[in-house]
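Hi,

Here is the structure I said I would pass on. Have a look, and my notes on it follow below.

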Amino acid sequence: MPAPDGPGAPPAVRRRCAGTVRRRTAGAGGPRLLMVHGLAENDSVWDRSIGLLPPAYEVWSARLPWSAEGVQDWGTDGDLAGPLARVLAAVPGGPEIVVAHSMSAAVLLDLVDRESRRGGDALARFGIRGLVLVSPFYRRTAEEFDWDTISHYLNDFHLIMEEGLRVHSGDRLPASLRAAMGERVRDRVGPYGWLRFFELYLRTPQLQTGRITVPCLVLGGEKDFAAPPGESVALAAALPDARALVLPGCGHFPMIEEAERFASETVTFVNSLGTGAPQRGPVPDTALEHRR
């Protein structure tokens with residue numbers, strides 16, 4: 001049976017699932033990086049940090065169905081791993097390092113987990129040697145989800161959208177306009193899109209993280225109210241070869257808010273892949289205080 005978004009799928013489904021990649025820097029024999037945006041964003045979220053990476057890096061960015069300009073009914077398709085797999089496959093030679101933000105980090109982990117349960121290895125299939133997971137959503141146990149969690153992410157969902165607008169605009173938008181735009185973005189994501197996001201989040205305790213054996217850098221922001229920094233710490237602790245880094249004073253968008261530090265830590269991580277050095281490192285205890 002063909003995959004839901006594969007060659008045998010109806011044309012309308014293929015259009016909804018299609019993602020695109022574009023080459024951002026030519027590179028000069030350096031590693032290939034693919035930058036993957038989160039929910040209701042687009043690949044401009046990486047603009048500030050891409051310019052700070054070494055010119056030898058070959059950098060690609062993706063636009064997925066859940067982008068800010070994506071089709072509104074992407075949430076009804078159910079499977080988000082398929083569109084991400086198509087984007088990974090579209091990078092010539094394969095993306096050696098994938099940098100995934102927010103919800104897309106959860107989609108990436110879900111893709112790897114689903115394939116490993118079928119006896120496959122998505123990381124090897126796409127040639128991925130390392131992961132940078134930025135502001136990820138992750139909980140260790142199902143018991144950590146309660147009614148307050150649902151209330152927060154449902155009733156305050158527009159505030160997360162509003163925060164993205166604030167960071168992107170550099171506080172240039174009036175608060176009232178930003179609030180109205182945040183609600184408009186929330187409505188564009190819609191109930192089905194929200195359900196896809198929350199289903200991914202709910203599945204994180206079941207992820208077989210022990211099978212993600214490539215080195216990982218997990219980056220969180222100390223003041224992130226969308227994906228609390230303690231969740232970055234918990235995810236890094238659950239991965240076999242990972243280091244958590246919580247950036248002081250930073251929110252949900254470290255690639256914008258702390259672009260120089262973000263780029264520097266990414267470069268340090270990428271360059272370490274050639275040494276075989278393990279990524280696990282000290283975790284700031286203060287990050288645990290921010291766990292919701």
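What is the mean pLDDT of the chain, and what share of its residues reach 70 or more? This is a predicted model, and its mean pLDDT is 88, with 87% of residues at 70 or more. Watch two stretches, though. Residues 1-17 stay under 50, and the model gives them 21 contacts beyond four places in sequence. Residues 281-292 are also below 50, with 29 contacts beyond near neighbours in sequence.

Now the pockets. The largest has a volume of about 400 Å³. It is lined by 27 residues, and Leu39, Ala40, Glu41, Met161 and Val185 are the closest to its centre. Helices H7 (157-169) and H8 (175-203) each give two or more residues to that lining, and H7 gives the most, with six. By class, the lining splits into 16 nonpolar, nine polar and two charged residues.

The second largest pocket holds about 180 Å³. Its lining has five charged residues, three nonpolar and one polar; among them are Asp79, Arg114, Glu115, Arg118 and Arg125. Helix H3 (81-90) and H4 each supply at least two of the lining residues.

On packing, the largest nonpolar core has 59 residues, and Leu88, Met103, Leu131, Leu133, Phe197 and Ile212 have the most contacts inside it. Helix H4 (residues 103-117) brings the largest share, eight residues. Ile212 touches Leu109, Val112, Leu123, Leu131, Leu239 and Pro240, leaving out residues up to four places away in sequence. A second, separate core has 27 residues, including Tyr57, Val99, Cys250 and Ile256.

Cheers

Notes: Residues are numbered from 1 along each chain as its sequence is written. This is a predicted model: local features need pLDDT of at least 70, side-chain atom pairs count only at pLDDT 80 or more; totals for chains, interfaces and linings use all residues. Side-chain values use heavy atoms; hydrogens and water are left out. A nonpolar core is a set of buried Ala, Val, Leu, Ile, Met, Phe, Trp, Tyr and Cys residues joined through side-chain atoms within 4.5 Å. Buried means under 20% relative accessible area, exposed over 50%, partly exposed in between (1.4 Å probe, protein chains only). Helices (H or I, at least four residues) and strands (E, at least two) are DSSP runs, numbered from the N terminus. Contact means heavy atoms within 4.5 Å. pLDDT is the predictor's confidence in each residue, from 0 to 100. On a 1 Å grid over the protein atoms alone, a cavity is a set of points where a 1.4 Å probe fits but cannot get out, and a pocket is an open set with protein on both sides within 12 Å along at least five of seven lines; lining residues have an atom within 4 Å of a point. Grid points are joined across faces, edges and corners, and a volume is the space filled by probe spheres set on the points. Ala, Val, Leu, Ile, Met, Phe, Trp, Tyr, Cys and Pro count as nonpolar, Asp, Glu, Lys and Arg as charged, and the others, Gly among them, as polar.
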